[in-house]
Amino acid sequence: MMRKIAIEPKELIKRAESALAQSYLRIDETALSNQRKVLSAFRQHRLTEEYFAEKTGYGLHDAARDTIDAIYATVFGAEAAAVRMQFVSGTHAIAASLFGCLKPGERMASLTGKPYDSLLDVIGIGTKREPGSLKDLSVDYLEGFIDPQAMSDAEIDARVRELVAPPTTVAHIQKSCGYSFERRTFGNEDIRRLAQSVKRNNPDCAVFVDNCYGEFVETVEPVGVGADLMAGSLIKNPGGGLAISGAYVAGRRQLVDKALNRLTAPGLGGHYGLTYNQNRPLLQGFFLAPSVVANAVKGAMLFAHVLGQLGFKVKPSADEARYDIIQAIEFGTADRLIAFCKAIQMWSPVNAHVTPEPSEMPGYPDPVIMAAGTFIEGSTIELSADGPLRPPFAAFLQGGLTYLHVKCVLEEALSLAASGELSFI
């Protein structure tokens with residue numbers, strides 16, 4: 001049961017920061033480790049300002065693009081990586097990976113339950129039955145939810161064995177919670193145990209990880225703990241707030257090449273494709289990403305602590321381990337969810353004067369309310385909050401280029417609620 005705000009918002013935040021001080025130090029340690037990896041990769045691959053120059057035409061033999069790929073691969077611990085502006089979103093990169101790795105008559109198995117909303121139509125299990133799905137290509141689909149934290153290796157094997165038996169050739173793992181308040185985000189230790197079980201039960205099955213929202217939250221990435229391929233969006237964590245679009249795939253070279261054959265065409269693969277004069281912001285954003293992600297994680301914990309103290313159900317709680325930048329907050333009613341998103345929008349740096357309203361969005365089965373006053377449209381490494389209008393009416397808060405912005409937004413949102421101007425409490 002939520003209660004009224006009896007303490008000044010500034011004091012609530014001050015108390016929360018005091019309680020979270022040791023956790024913040026651990027986040028800084030992770031960020032420092034990741035920053036060292038980025039700097040080391042820049043030095044190893046001899047990054048020079050010459051690589052910031054614009055290219056035209058096909059982009060054939062682009063040394064700068066190849067260097068960006070090599071830097072990502074080194075930092076992520078992958079055999080190969082492809083960072084491409086031609087990917088329009090993380091979902092696009094995931095779809096290209098799946099279409100590249102799966103053939104008619106084969107099967108994809110999700111080990112972490114129903115995937116994120118925008119992937120349902122890619123698989124062919126969405127309500128709209130969009131043409132061109134994996135199902136249309138006679139690729140089968142199987143789904144199960146395996147929680148390694150609650151199971152022994154033997155119990156995991158028993159469940160995995162059912163899912164990855166032939167004709168399964170791809171085991172899908174979603175790292176973040178997506179738009180689910182019930183399931184938790186999976187850490188790399190969870191992914192390691194699942195990947196090992198897949199290989200024990202079907203060595204030929206590729207382990208694919210949807211890594212959106214997870215980059216740089218831990219000191220290693222999924223391909224460093226057993227995943228064969230992963231993908232993510234550049235306007236989330238790795239772009240550091242400077243990438244204007246794009247996504248990446250990383251992992252085993254053969255699988256990266258298969259994804260690129262679906263992005264362009266067989267035979268062209270990753271040899272072609274301009275970066276549209278975006279090399280400098282791509283690289284500078286990647287340089288900033290460890291620090292930016294740390295700010296976002298701290299901001300998520302601050303919201304969790306303060307709103308948890310006010311009686312909200314939050315997931316994860318403020319003192320739980322973090323594996324992505326998402327903070328879920330349950331509001332219970334559509335009106336409260338909408339009011340909260342309006343409060344976030346009012347203290348955004350862009351379009352603060354605009355009032356968000358629920359609307360239909362391509363790839364999503366339910367109307368979505370989205371507060372996103374961001375410099376880059378849809379950039380969820382910048383502070384934003386959104387959620388589908390369905391029970392339990394939860395907001396999914398993520399991002400924050402600076403911790404100071406997150407503090408300002410939280411303080412002002414609480415003030416709006418206390419005054420009754422926006423009643424989300």
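Two strands count as paired if DSSP finds at least two bridges between them. That definition is needed for the sheet described below, which belongs to a predicted model.

**The sheet**

In E7, Gly 251 is the bridge partner of Ala 80. This pair belongs to the junction of E1 with strand E7 (residues 247-251), where five bridges join two strands that run antiparallel. Both strands are part of an open sheet of seven strands with mixed pairing, in the order E1-E7-E6-E5-E4-E2-E3. Strand E1 (80-84) and strand E3 (140-143) stand at the edges with a single partner strand each, so one side of each has no neighbour in the sheet. From one strand to the next, the twist averages 20°.

Three of the pairings are listed here.

| Strands | Bridges | Direction |
|---|---|---|
| E1 and E7 | five bridges | antiparallel |
| E5 and E6 | three bridges | parallel |
| E6 and E7 | five bridges | antiparallel |

Within these pairings, Val 209 stands opposite Met 230 in E6, and Ser 233 stands opposite Ala 247 in E7.

**Strand E6**

Is E6 enclosed or exposed? Five of the five residues of E6 are buried, so the strand is largely enclosed by the rest of the structure. Leu 229, Ala 231 and Ser 233 point one way from E6, while Met 230 and Gly 232 point the other way.

**Helices on the sheet**

Helix H3 (residues 63-76) packs on the sheet and touches E1, strand E6 (229-233) and E7. The direction of H3 makes about 125° with that of E1. Helix H6 (residues 153-164) lies across strand E2 (107-110), E3 and strand E4 (168-174). H6 runs at about 150° to E2.

**Glu 382**

Glu 382 is found in the loop between strand E10 (368-371) and strand E11 (384-388). Glu 382 is buried but has no salt bridge. Lys 236, the nearest side chain of opposite charge, is 12 Å away. What does the side chain of Glu 382 make a polar contact with? One such contact is with the side chain of Ser 379, at 3.4 Å. In addition, a polar atom of the Glu 382 side chain lies 2.7 Å from the backbone nitrogen of Phe 375. Leaving aside residues up to four places away in sequence, Glu 382 touches several residues, including Thr 374, Ile 376, Gln 398 and Leu 401.

**Thr 48**

Thr 48 is found in the loop between helix H2 (21-44) and H3. Its relative accessibility is 22%, so Thr 48 counts as partly exposed. Thr 48 and His 405 are 357 residues apart in sequence and 32 Å apart in space, C-alpha to C-alpha.

Notes:
Residues numbered from 1 in each chain as written. Predicted model: local features only at pLDDT ≥ 70, side-chain atom pairs only at ≥ 80, totals over all residues. Heavy atoms only, no water. Helix = DSSP H or I, 4+ residues; strand = E, 2+ residues; numbered from the N terminus. Axes fitted to C-alpha atoms, helices over the stretch in contact; angles between N-to-C directions. Contact = heavy atoms within 4.5 Å. Buried < 20%, exposed > 50% of the residue type's maximum accessible area, 1.4 Å probe, protein only. Lys, Arg positive; Asp, Glu negative; His and termini not counted. Salt bridge = Lys/Arg side-chain N within 4 Å of Asp/Glu carboxyl O. Polar contact = N/O pair within 3.5 Å; in protein donor to acceptor, adjacent residues only side chain to side chain.
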